[in-house]
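Open your viewer and get ready to select a few residues with me. We will go from stop to stop, and at each one I will tell you what to look for.

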Amino acid sequence: TPQAGKTLTQTEKRTVDFCRIPKTRDQIVKKLDLNSHYVRLELLPRLVKEGRLRLTLPEKPKSPNQKYVTV
């Protein structure tokens, strides 16, 4: 479950809202006009760890077919 009481930044909110339908990392970067390095190394890992997003292929986290979806 998402961490209780943690306030999301505007970027985190936009990402979680955008991923209601599963999206690839590239789709997230392009649609939200974000830095790819930041999305890959900071934003997505943090949202997954907090339980706000989940991987569609958890057994293959580095798969090119990986998508992220709102929990």
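Start by selecting glutamine 66, which lies in the loop between strand 1 (residues 53–55) and strand 2 (residues 68–70). Keep in mind as you look around that this is a predicted model.

Is glutamine 66 buried or exposed? Its relative accessible area is 5%, and buried means under 20%, so glutamine 66 counts as buried. Now show its side chain and look for two polar contacts with the backbone. One goes to the backbone nitrogen of threonine 56, at 3.0 Å. The other goes to the backbone oxygen of leucine 57, at 2.9 Å. If you leave out residues up to four places away in sequence, glutamine 66 touches Thr24, Leu55, Thr56, Leu57, Lys60 and Pro61.

**Next stop: threonine 24**

Thr24 was in that list of contacts, so let us select it now. Threonine 24 sits in the loop between helix 1 (10–18) and helix 2 (25–32). Draw a distance between the C-alpha atoms of threonine 24 and glutamine 66: they are separated by 6.2 Å, although the two residues are 42 places apart along the chain. With residues up to four places away set aside, threonine 24 touches Gln66 and Lys67.

Just before it in the numbering, pick lysine 23 together with phenylalanine 18. The charged end of lysine 23 sits over the ring of phenylalanine 18, 4.8 Å from the centre of that ring.

**Into the core**

In soluble globular proteins, nonpolar side chains tend to be buried together. Here, the largest nonpolar core has 15 residues. To find it, select Ile28, Val39, Leu44, Leu47, Leu53 and Tyr68, the members with the most contacts inside it. Helix 1, helix 2, helix 3 and strand 1 each supply at least two residues of this core. Which element gives the most? That is helix 3, with 4 residues.

Stay with isoleucine 28 for a moment. Beyond its neighbours up to four places away in sequence, isoleucine 28 touches Thr15, Phe18, Cys19, Lys23, Asp33, Val39, Leu44 and Tyr68.

**A turn to aspartate 33**

One of the residues touched by isoleucine 28 is Asp33, so colour that one next. Aspartate 33 is in the loop between helix 2 and helix 3. Most residues other than glycine have a negative phi. Aspartate 33 has a phi near 55°, a positive value in a residue other than glycine. Its relative accessibility is 68%, and exposed means over 50%, so aspartate 33 counts as exposed.

Move along to serine 36, which lies in helix 3 (residues 36–49). Serine 36 is partly exposed, with a relative accessible area of 36%. The C-alpha atoms of serine 36 and aspartate 26 are 7.7 Å apart, with their positions 10 residues apart along the chain.

**Hunting for salt bridges**

Side chains of opposite charge can pair when their charged atoms come close. How many salt bridges does a search of the whole structure find? The search finds 3, and you can visit each of them.

- Select arginine 46 and glutamate 12, whose closest N and O atoms are 2.8 Å apart. This pair links distant parts of the chain, with arginine 46 in helix 3 and glutamate 12 in helix 1, 34 residues apart. Arginine 46 is partly exposed at 27% relative accessible area, whereas glutamate 12 is buried at 1%.
- Select aspartate 17 and arginine 20, with their closest N and O atoms 2.9 Å apart. Aspartate 17 is partly exposed, at 44%, and arginine 20 is exposed, at 55%.
- Select arginine 52 and glutamate 50, which meet at 3.2 Å, N to O. Arginine 52 is buried, with a relative accessible area of 12%, and glutamate 50 is buried too, at 7%.

**Last stop: threonine 70**

Finish in strand 2, where you will find threonine 70. Threonine 70 has a relative accessible area of 17%, and this value is under 20%, so the residue counts as buried. Its side chain reaches the backbone nitrogen of arginine 20 at 3.4 Å. Setting aside neighbours within four places in sequence, threonine 70 is in contact with Val16, Cys19, Arg20, Arg52 and Leu53. Two of these names may be familiar: Arg20 from the salt bridge with aspartate 17, and Arg52 from the salt bridge with glutamate 50.

Technical notes. Residues numbered from 1 in each chain as written. Predicted model: local features only at pLDDT ≥ 70, side-chain atom pairs only at ≥ 80, totals over all residues. Heavy atoms only, no water. Buried < 20%, exposed > 50% of the residue type's maximum accessible area, 1.4 Å probe, protein only. Polar contact = N/O pair within 3.5 Å; in protein donor to acceptor, adjacent residues only side chain to side chain. Contact = heavy atoms within 4.5 Å. Lys NZ or Arg CZ within 6 Å of the ring centre and 35° of its normal. Core = buried A, V, L, I, M, F, W, Y, C linked by side-chain atoms within 4.5 Å. Salt bridge = Lys/Arg side-chain N within 4 Å of Asp/Glu carboxyl O.
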